[in-house]
Amino acid sequence: MKTYILPNWCKKIGLILFIITSLLNGSLNFINNSINKYKMSGINTSEIGTESDNGILGLLNAFSGGGLIYGIDFIAIIAMLIYMISKEKVEDDYIDKLRLESFQLTFIIGLLATTFIYMLAKDLKLTLDYFIFPLLWSYIIIFFIKRKMYL
């Protein structure tokens, strides 16, 4: 069975896009947490910006419900998928086997971790990205380790 994957140059695009979205997401979360810390400490936030202000802090407060953050997370997930399904510089049948083994091991680890987390806290409410990011990262790490053992 022939699998169709993206060319090797897409790996660089996926990695750059992931780094940009991760830095953007981290900085937005840092700013949003700083604003929330000021609000909880009782400091007058009118000096740093509010929802009625049209500045960047007002926009961050308006998006604190998660719309902007989830959009950036979605782009980061797509970037990781682009990186994952891009060809290696040397693509052969053994690389296909390593991809399959990495995917199988990632699926088993993810299923066991999800089941274990559910057994510990049944009322745990997490968004989907708390499960998708570790699965994608574990696949990339497992594939990288298996490829280094092969070479």
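1. A good place to start is the charged pairs: searching the whole structure turns up five salt bridges. Please keep in mind as you read that this is a predicted model.

2. One of these pairs joins E88 to R147, with 2.4 Å between the closest N and O atoms. It links distant parts of the chain, since E88 sits in the loop between α3 and α4 while R147 belongs to helix α5, 59 residues apart. Are these two residues buried or exposed? Both E88 and R147 are buried. The pair also has company, as K11, E88 and R147 are linked in a network of salt bridges.

3. Next, have a look at helix α4. K97 and E101 form a salt bridge there, at 3.7 Å from N to O. The two residues are four places apart in α4, about one turn of the helix. That spacing fits a familiar rule. An α-helix has 3.6 residues a turn, so residues three or four places apart point the same way. With a relative accessible area of 43%, K97 is partly exposed. E101 counts as partly exposed too, because its relative accessibility is 26% and the class runs from 20% to 50%.

4. E101 has a second partner: its side chain meets that of K146 in a salt bridge, 3.3 Å from N to O. Here E101 is in helix α4 and K146 in helix α5, so the pair ties together parts 45 residues apart in sequence. K146 is partly exposed, its relative accessible area being 24%.

5. Helix α5 deserves a point of its own. This helix covers residues 129-150, 22 residues in total, and spans 31 Å from first C-alpha to last, close to the 32 Å expected at 1.5 Å a residue. Its buried residues are D129, F133, L136, S138, Y139, I140, I142, F143 and R147.

6. Y139 is a handy residue to centre your viewer on. It is found in helix α5 and counts as buried because its relative accessibility is 8%, under the 20% limit. Which residues does Y139 touch, leaving out those up to four places away in sequence? They are M84, R99, S102, F103 and T106. For M84, the C-alpha atom is separated from that of Y139 by 8.3 Å, although the two residues are 55 apart along the chain.

7. Now to the nonpolar interior. The largest nonpolar core has 13 residues, and F18, M80 and F133 are those with the most contacts inside it. Helices α3, α4 (93-120) and α5 are the elements that give two or more residues to this core. M80 is in contact with F18, F133, L136, W137 and I140, once its neighbours within four places in sequence are left aside. For background, nonpolar side chains in soluble globular proteins tend to be buried together.

8. Finally, a feature on the outside. L17, F74, I75, I78 and L81 make a nonpolar surface patch of about 400 Å². Which helix gives the most to the nonpolar patch? Helix α3 (residues 67-84) does, with four residues. L17, another member of the patch, lies in helix α1 (residues 9-41). At 30% relative accessibility, L17 counts as partly exposed.

Key:
Residues numbered from 1 in each chain as written. Predicted model: local features only at pLDDT ≥ 70, side-chain atom pairs only at ≥ 80, totals over all residues. Heavy atoms only, no water. Expected span 1.5 Å × (residues − 1). Buried < 20%, exposed > 50% of the residue type's maximum accessible area, 1.4 Å probe, protein only. Patch = residues over 30% accessible without salt bridge, like charges linked within 9 Å, V, L, I, M, F, W, Y side chains within 5 Å. Areas by Shrake-Rupley, 256 points an atom, 1.4 Å probe, with all protein chains shown as cover. Salt bridge = Lys/Arg side-chain N within 4 Å of Asp/Glu carboxyl O. Core = buried A, V, L, I, M, F, W, Y, C linked by side-chain atoms within 4.5 Å. Contact = heavy atoms within 4.5 Å.
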